[in-house]
Structure formats: structure tokens, C-alpha cells
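Here's a quick tour of a small set of features worth looking at while you have the structure open. Let's start in the middle and work outwards.

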Amino acid sequence: MNDKVYKIVELTGTSTHSIEDAVNLALERASKTIHNLGWFQVIDTRGSIENNKVKHWQVTIKIGFTVD
């Protein structure tokens, strides 16, 4: 059967360096327990400010994967 079933989870990655690092952290952690990762979608981006500069990024993503 070629039809697939997908599941979606929502995670928030964080980084003091960049948005991309926050996304990669979330994907890295997800890959430890979830297999067949296929795509992600950025849902929300936010962060904290210190001394008028970005101190910390928080990026919420949806991750899609195929179910075995």
C-alpha cells in the first residue's frame, strides 16, 4: 500500500544565538524519539530582550512525520 499516515507534533526550540539554531535544536531533540521526520512549519517566533538586544530566541514549530 502506497498511502501514508502522518502525525504532527508541536515543539518550541530555544537559542541564544539564532532562530535557525532554535529550530535545529527542536528537530534534533525530536529525532531522538520520533522517526521518519519529513517537514516542519514555523508557527511562532518570539524572544526576550536585554539591554535593547535580543537575549534569547523561542521558535515554535510543527513537525510532520510518517507513522510506521
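## Inside and at the turns

Keep in mind that this is a predicted model. Setting aside neighbours within four places in sequence, isoleucine 63 touches Lys7, Ile8, Val9, Leu11, Ala26, Leu27, Ala30, Leu37, Trp39 and Phe40. Ile63 also belongs to the largest nonpolar core, a nine-residue group along with Ala22, Val23, Ala26, Ala30, Ile34, Val59, Ile61 and Phe65. Both α1 and β3 put at least two residues into this core. As a rule, nonpolar side chains in soluble globular proteins tend to be buried together.

Now for the helix itself. With 13 residues (19-31) at 1.5 Å each, α1 should span 18 Å, and its end C-alpha atoms sit 19 Å apart, which agrees. Which residues of α1 are buried? They are Ala22, Val23, Ala26 and Ala30. These cover an arc of only 100° around the axis, so they lie on the same side of α1. That fits the general pattern: an α-helix has 3.6 residues a turn, so residues three or four places apart point the same way. The cover over the buried residues of α1 includes β1 (6-15), β2 (37-50) and β3 (53-66).

Finally, a pair of loop asparagines have a positive phi without being glycine. Here's how they line up:

| Residue | Loop | Phi | Relative accessibility |
|---|---|---|---|
| Asn36 | between α1 and β2 | near 65° | 38%, partly exposed |
| Asn51 | between β2 and β3 | about 55° | 66%, exposed |

Note on methods. Residues are numbered from 1 along each chain as its sequence is written. This is a predicted model: local features need pLDDT of at least 70, side-chain atom pairs count only at pLDDT 80 or more; totals for chains, interfaces and linings use all residues. Side-chain values use heavy atoms; hydrogens and water are left out. Helices (H or I, at least four residues) and strands (E, at least two) are DSSP runs, numbered from the N terminus. The expected span of a helix is 1.5 Å times one less than its number of residues. Buried means under 20% relative accessible area, exposed over 50%, partly exposed in between (1.4 Å probe, protein chains only). The arc is that of the directions from the helix axis to the C-beta atoms. Contact means heavy atoms within 4.5 Å. A nonpolar core is a set of buried Ala, Val, Leu, Ile, Met, Phe, Trp, Tyr and Cys residues joined through side-chain atoms within 4.5 Å.
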